[in-house]
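The exercises that follow are meant to be worked with the sequence and the coordinates open side by side. Each task is followed by a solution that goes step by step.

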Amino acid sequence: MTTSDAGLDRVLGAKTAEALESALGLSTVGDLLRHYPRRYAERGELTAIAGLELDEHVTVLAKVERVSKRSMRSRRGTIVEARITDGHRSLTCTFFNQAWRERELVPGRQGMFAGKVTAYRGSFQLAHPEYQLFDGEDAGQAGSAAEEFAGALIPVYPSAQGLPSWSLARCVRQVLDTWDGDEDPLPAELRTEHGLLGLEAALRTIHHPRDHEEVAAAQNRLKWDEALSVQLVLARLRESAHERPAPSCPRREDGVLAEFDRRLPFQLTGGQSEIGTEIAHDLAGEQPMNRLVQGEVGSGKTVVALRGMLQVVDSGRQAAMLAPTEVLAAQHARSLSELLGDLGAAGELGAAERSTRVTLLTGSLPAAARKKALLEAASGEAGIVVGTHALIQDRVSFADLGLVVVDEQHRFGVEQRDALRARGGTGTAPHVLVMTATPIPRTVAMTVYGDLETSALRELPSGRSPIATSVVPVAEKPGWLDRAWERVREEVAAGHQAYVVCPRIGDDEQHPPKKGAKRPRTDDGVDEPEDAGAGTDERRPPLAVLEVAERLAAGPLAGLRLGVLHGRLAADDKDAVMRAFANGELDVLVATTVVEVGVNVPNATAMVIMDADRFGVSQLHQLRGRVGRGSAPGLCLLVSEAVAGTSTRDRLDAVASTTDGFELARLDLELRREGDVLGAAQSGRRSGLKMLSLLRDEDVIAEAREAAQRYVAEDPGLGGHPGLARMVAEVVDADRAEYLEKS
């Protein structure tokens with residue numbers, strides 16, 4: 001019999017084991033058993049073809065609609081084309097020089113077809129797909145397909161080229177026949193309390209369920225494994241957090257903060273006041289604050305953060321503010337200095353009686369200025385230090401760091417934030433305040449887990465105008481793009497300005513074709529026009545700033561003053577372009593995402609984002625925050641070739657439907673999955689959580705959190721529960737645990 005830690009080569013043979021390892025990263029029996037079905041197909045329930053995505057490796061359950069064979073025009077050989085359908089839409093399966101497929105793919109037969117979705121002449125197709133039909137003996141196939149699909153529910157696994165779902169099902173069956181089961185790590189009383197299956201029963205059922213009720217029971221148990229593992233780690237980290245307290249910084253009524261509040265020329269919004277009270281309470285305690293403040297661009301996050309920093313300064317400690325770019329760091333330093341006035345001019349002539357100093361520290365400062373800034377941070381002369389990653393270099397030290405403010409969390413790695421926190425000194429850990437206009441999926445994930453306190457500024461900032469967002473579906477309605485450029489001209493004619501954003505720079509960037517994406521050739525080396533594209537990936541490279549700017553200047557935006565901005569420009573050239581745009585000397589700025597942060601041009605009212613499907617939800621939301629910053633309404637146009645019914649188009653439609661940052665973050669999390677929540681990856685493909693959904697399974701997470709707190713409170717080292725300790729070690733290794741502690 002076989003244990004879960006046994007190598008797959010012992011059960012499946014070296015060749016199959018090697019294929020599973022290289023294609024899917026599965027090396028042990030346990031790995032394969034926890035490679036759960038993505039979904040379950042049911043006989044007669046065909047897969048919706050409308051939702052397929054270009055470049056996606058899919059397994060579809062479909063019916064053969066028709067089949068045809070023809071000769072190639074320019075070379076010897078035949079092409080067999082089979083149309084398969086879900087009853088609503090069709091998909092072409094193409095086979096070169098395999099005439100026998102025509103006899104096998106008889107119209108009316110159902111089967112499973114697996115392959116990569118490619119495009120040819122505007123239609124989706126599968127080139128040389130692998131397939132198994134549900135009835136009869138298949139020519140060229142070993143064994144009976146009927147045996148593979150004997151159950152009422154057919155498990156459909158995440159697969160890869162050369163490893164279709166039914167091959168994985170066969171491997172799983174072979175492993176389960178020899179698997180001896182594992183000792184259940186969950187205490188019996190916990191399983192009874194929550195009505196959970198045993199581990200062995202859950203793993204066997206998830207792969208071979210008789211009905212959907214059995215699927216749900218197995219999934220519930222396996223979700224508990226993942227939720228409890230994470231919650232146990234978080235509970236242990238919360239216990240250990242008491243070992244290194246934060247500096248207590250209670251509010252003073254005779255400090256800089258009180259004077260700042262008295263002088264404020266505007267009234268704080270209700271949200272700003274409420275969040276300010278929460279932060280003041282957190283800072284006064286000795287438990288390290290770990291709070292996320294989410295709010296739209298310009299919603300007043302900076303004032304909220306500054307008031308927190310001043311409370312820390314009043315306690316004789318320092319605050320550090322980390323920005324993603326030098327441009328934004330300098331902008332923050334200017335904003336803070338302007339807000340403070342003489343309250344931020346300590347040591348200078350004309351400074352207020354109670355005042356502090358704001359110091360900018362970035363990597364590009366001249367040597368003398370940098371040395372002065374380093375001394376001000378180290379001596380404590382600077383109460384507030386603003387900078388980029390330069391703040392976490394080894395040479396930078398603080399006299400007594402009490403608060404770290406991180407702007408735009410998704411711009412910084414956890415390790416970087418941790419390095420800054422380690423600057424606290426004096427045996428304390430600084431409080432941490434994170435500001436973001438769009439929480440990234442990992443932030444939402446940790447929020448669901450209860451590891452971050454969250455605050456939201458949801459009011460539309462005073463003076464800001466609403467932003468209307470629309471999708472421009474050029475594949476279905478090409479004329480809409482012409483109208484988009486007309487809208488840009490209308491905005492310029494009204495005295496406003498516009499951005500055009502592209503995914504890449506262009507010019508010398510290389511985009512080689514993907515491996516295997518060769519076009520068929522004739523014997524004399526000429527491309528075969530009839531068959532070119534069959535089996536190829538026709539997705540073009542992303543649109544580039546340099547090419548788009550040239551086309552616009554010669555075409556739809558001819559006569560307007562166009563500028564170009566991208567990351568390869570020298571710093572002085574970037575500044576010159578931005579100054580020209582800010583001063584109204586340019587009508588349209590064609591740029592990469594370099595405009596995503598740190599650019600404030602109130603007169604810019606329109607943004608056209610080309611190839612919008614190439615950007616993430618959070619990035620699209622951040623980009624459109626550049627318009628509508630003045631009194632005139634903003635307009636954002638998302639240009640895409642994505643067609644209706646695909647998840648890509650659904651994502652763009654969702655961005656167009658809301659400006660709520662938290663809602664978009666949840667959407668992002670739903671579409672991209674949670675990412676490796678316990679590892680350094682912050683999005684999608686590689687998830688340490690295979691079954692648990694951080695959005696749909698909040699009840700399981702809450703119950704697991706309660707159980708974890710109970711077990712850790714009674715037994716911090718879990719010495720009395722070796723199964724739980726083993727489960728934590730398996731699901732959350734030492735590196736991931738350390739990562740969590742830093743986050």
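Accessible areas here come from the Shrake-Rupley method with a 1.4 Å probe. The chain exposes about 32,200 Å², of which carbon and sulfur atoms supply 48%. The model is a predicted one.

**Exercise 1. Describe the chain as a whole: its secondary structure, its buried share and its long-separation contacts.**

Step 1. The secondary structure of the chain comprises 25 helices and 21 strands.

Step 2. Of the 743 residues in the chain, 53% are buried, where buried stands for a relative accessible area under 20%.

Step 3. Among the contacts with a separation of 6 or more, 73% are made by residues 24 or more positions apart.

**Exercise 2. Determine which parts of the chain are tied together by the salt bridge between Lys69 and Glu102, and classify the accessibility of both residues.**

Step 1. The side chains of Lys69 and Glu102 form a salt bridge with an N to O distance of 3.9 Å, which falls under the cut-off of within 4 Å.

Step 2. Because Lys69 belongs to strand β2 (residues 57–71) and Glu102 to helix α4 (residues 101–104), the pair ties together parts that are 33 residues apart in sequence.

Step 3. Lys69, at 43% relative accessibility, is partly exposed, and Glu102 is also partly exposed, at 30%.

**Exercise 3. Treat the salt bridges Lys223–Asp697 and Asp587–Arg561 in the same manner, giving distance, location and burial.**

Step 1. Between the side chains of Lys223 and Asp697 the N to O distance is 3.0 Å. This pair links distant parts of the chain, 474 residues apart, with Lys223 in helix α9 (residues 212–241) and Asp697 in the loop between α22 (661–672) and α23 (698–714). Both Lys223 and Asp697 are buried.

Step 2. For Asp587 and Arg561, the N to O distance of the salt bridge is 2.9 Å. Asp587 lies in the loop between α19 (571–582) and β19 (588–591), while Arg561 lies in the loop between α18 (545–554) and β18 (562–565), so the pair ties together parts that are 26 residues apart in sequence. Asp587 is buried at 11% relative accessibility, whereas Arg561 is partly exposed at 39%.

Step 3. The count of salt bridges comes to 33, and a network of them links Arg34, Asp184, Arg191, Arg221 and Asp225.

**Exercise 4. Identify the residues that form a negative surface patch, and place Asp180 in the chain.**

Step 1. The negative surface patch is formed by Asp5, Asp180, Asp182 and Glu183.

Step 2. Asp180 is located in the loop between α6 (165–178) and α7 (188–194).

**Exercise 5. Characterise the surroundings of Arg252 and of Ala329, leaving aside neighbours within four places in sequence.**

Step 1. Arg252 is found in the loop between α9 and α10 (256–263) and is partly exposed, with a relative accessible area of 36%.

Step 2. The contacts of Arg252 are with Ala258 and Asp314; from Arg252 to Asp314 the C-alpha to C-alpha distance is 6.9 Å, although the two are 62 residues apart in sequence.

Step 3. Ala329 lies in helix α13 (residues 326–340) and is buried, at 0% relative accessibility.

Step 4. Ala329 touches Ala323, Leu360, Thr362, Val386, Gly387 and Thr388. The C-alpha atoms of Ala329 and Thr362 are separated by 7.9 Å, with their positions 33 residues apart along the chain.

Methods
Residues are numbered from 1 along each chain as its sequence is written. This is a predicted model: local features need pLDDT of at least 70, side-chain atom pairs count only at pLDDT 80 or more; totals for chains, interfaces and linings use all residues. Side-chain values use heavy atoms; hydrogens and water are left out. Patches are made of residues with over 30% relative accessible area and no salt bridge: like charges are joined within 9 Å, nonpolar side chains (Val, Leu, Ile, Met, Phe, Trp, Tyr) within 5 Å. Lys and Arg count as positive and Asp and Glu as negative; His and the chain ends are not counted. The place of a charge is taken as NZ of Lys, CZ of Arg, CG of Asp or CD of Glu. Helices (H or I, at least four residues) and strands (E, at least two) are DSSP runs, numbered from the N terminus. Buried means under 20% relative accessible area, exposed over 50%, partly exposed in between (1.4 Å probe, protein chains only). Contact means heavy atoms within 4.5 Å.
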